[in-house]
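Reader: I am new to this structure and should like to understand the terms applied to it. Would you set out the reasoning behind them?

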Amino acid sequence: MADLNVPPRRPRDDRGWDGYQHPHPDGYRDSAAPYAGGHPAPQSGAGPQWVGPNGFASAGHAPGGYAQPAAGGYAQPAAGGYAQPAGGYGPPPGPGLPSLDDDGDDAPRRGRRRALATLGGAAVVAGGAALALSPQIRGLFTDEAAGDATGTVTTDGTTARPSGQQPSTVRTYTEQNESYMGSRAGAALKRNAPAGGRLFGSPAAAAEATEVTVKTVLAKDPIRHLASRTTFGPTAKVMADIKRLGIDDWLRQQLEPEKIAPTKAELKLAELPSLKLSPTQLRDQREQLNERGVDPARETVDATIARQIWSDRQLFEVMVDFWNDFLHVAADFDGGENYRNAFDRDVIRKHALGNYPDMLVAANKHPALLLYLNQVDSRKDAINENLARENLELYSVGVDGGYTEKDVRQAAMLQTGRGVADGKYMFFADRHYVGKVKILGFAHANNSSDPKVADQVIDSYIRYIALHPSTAKYVAQNLATRFVSDTPPKSIVDRLAKAYTTNKGNIRPVLATLFSSSEFWAAVGQKVRRPMEYLVATYRSLGVGPDAAAGFEGDKRRTPFAQGLRQIQDKMRELGQYPMGKPTPDGYADVYLAWTSAGTMIDGWNEAGDLLGGWRKQFTYVKPEKLVAKPPATAGAYVDALAQKLVHQKLSAKEKKLLLAVAGATESTKVDATFNGAIAAVARTILASPQHHLR
């Protein structure tokens, strides 16, 4: 499960790379003794093994199989890092673990919320019991003959989670958005969400015909609504573009991002030296990059932040963020410094508006995911289930998608053989399980040891689950949650799922269906910005520019632009959300109740105050008194103009009165361009309003 598969996470700073490195040409990791919580060497004995989220069992394993980290986090590895396998990544061949029949019923079960509470900095608890193949299944691996994983033999082993039972009925955890929305507060939000709707011939037709009946403080303006949901924050330029082009043509343009010219900030991404380097180049140039203060994983995050703030390809960036949560690989994992940027480029960005089955196939053959979820450690005589489980639970059908524990085990057996060598994907035929499999209706003899054939069988399975009806519903549910409301109507989920299936996983037609649905246009004000989104929207609203302030020089190692992006990332880390930031593979929740924190809101408001003051000298700013081109001479009119500039609508009479009180003014008070010295305070208060927090 996602909350059990927590790859190692290390504290970071600006000194460069600080994790285990891969000095050998094939990327092997050397060590005399692996660290606790990873994959310690198996005990002596004979027979194959099953490797669960916590790796192999050891003589001193804790009850239930939970590894015990050293005080303050993980036990530290010996010099060098991991044990080196022969022939590439993977555990050494060795003896078996205790039978699952001996596990008993009292093994700990940790839900997602408990795991979330446990996570903190580098002290990540990788819970979960180490699991072993039952004695009956061990016989499959005693020779090279093809086996049969489709039999009725129990391969799971506890009465709490029997092999044939669907995980969602055992309820080891609840899908994370659902878990938050199942509360009393979630029920209240659902009552205010649009109840249903219909499909129109175009987005513009849907916008014109849809009446907004939900309670909201946002203006019931379709142009503002579209700009809020499909960008990281409306700007005067975005609003003008939609009005000039019309809703349909603007969306058509956004759905073809390759035709949109890069902005100045996107061209300045050349100042991040690691972005265009391959994993092999990153490995070979590690020392030189380190001397320049370059951390490739963090530069990947920096670049994403820059694009969110300044790119004109806003819908594309919104979808990149969506997939980074859906098909999540954390930036901060052991290997992220070499591989996360390539995953961003070759998997997420390449397919963000393309075909999801293609994306999932590419992800499952990418070193980043194979390392992140320990697939490199899985072989026919020592099977690790992490990636196989998450492919079903998170990346395709979902925990309610109908798979069983037996399906997870057979998928894990099928996916053996995939690994990494010399920084690239490699299929190791000698590690691949050969024998019949049946997973969620996918059945295959899997009887070839030819690497090309065996690899294609796995690809066929990945495409099968990517196009499964449960996957269509799961992708649709997540898209509707992102773009419509925290509790989207079943009508639009069903409609999007049908579009996904009809178009064989192509995303553009699904988005076209979404924007042509009345539920989208009826849901004004039904989404709250998460901390990262609030910060990015604030930069966009205030017109912060990517060039440095006059006279700013920086630290001479990195450019002002690179330094400024790193500071934004650090602020996002303080707020609790940044691109690719969650250590567990489930990604960030996308519902308001997951982010309700007074402290986080205040931190965001403080950052807005800093931006109004122009304190980050790595960037340029519009002075607060220049935000409105021709400031009105009375306080009431000035507030109206400033609200229109920052949140693109007027405020209510009550809100306006509160704002005037901040400046100690009334409607008719005469003011200058500085609002008699209170302009920064007034602007900051507008940016703390619900109108700026909602998207």
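Author: In this predicted model, K268 counts as buried, since its relative accessibility is 16%. The limit for that word is under 20%, so K268 at 16% meets it.

Reader: What makes K268 and E271 a salt bridge?

Author: The closest N and O atoms of K268 and E271 are 3.0 Å apart. A salt bridge requires a side-chain nitrogen of Lys or Arg within 4 Å of a carboxyl oxygen of Asp or Glu, so this pair qualifies at 3.0 Å.

Reader: Why is E271 called partly exposed?

Author: E271 has a relative accessible area of 27%. Buried would need under 20% and exposed over 50%; E271 at 27% lies in between and is therefore partly exposed.

Reader: How do you know whether R283 and D284 are buried or exposed?

Author: The relative accessibility of R283 is 17%, and because buried means under 20%, R283 is buried. D284 stands at 51%, and because exposed means over 50%, D284 is exposed. The side chains of these two residues, R283 and D284, meet in a salt bridge with an N to O distance of 3.3 Å.

Reader: Why is the contact of R482 and E533 called a salt bridge?

Author: The N to O distance between the side chains of R482 and E533 is 3.6 Å. The cut-off is within 4 Å, so the pair R482 and E533 satisfies it. R482 belongs to helix α21 (residues 469-483) and E533 to helix α25 (residues 531-541), so the pair ties together parts that are 51 residues apart in sequence. Both R482 and E533 are buried.

Reader: Which residues are joined with R482 and E533 into one network?

Author: Salt bridges that share partners join D321, D325, R482, D486, K527, R530, E533, D590 and R695. In the whole structure, a search finds 45 salt bridges.

Reader: Why is T501 called partly exposed?

Author: T501, in helix α22 (residues 490-502), has a relative accessibility of 44%. Partly exposed lies between under 20% and over 50%, so T501 at 44% receives that term. The C-alpha atoms of T501 and H468 are separated by 8.2 Å, and these residues are 33 apart along the chain.

Reader: What makes N446 buried?

Author: N446 has a relative accessibility of 1%; the limit is under 20%, so N446 counts as buried. N446 is located in the loop between β7 (442-444) and α20 (451-466). Although N446 is not a glycine, its phi is positive, at about 45°.

Note on methods
Residues numbered from 1 in each chain as written. Predicted model: local features only at pLDDT ≥ 70, side-chain atom pairs only at ≥ 80, totals over all residues. Heavy atoms only, no water. Buried < 20%, exposed > 50% of the residue type's maximum accessible area, 1.4 Å probe, protein only. Helix = DSSP H or I, 4+ residues; strand = E, 2+ residues; numbered from the N terminus.
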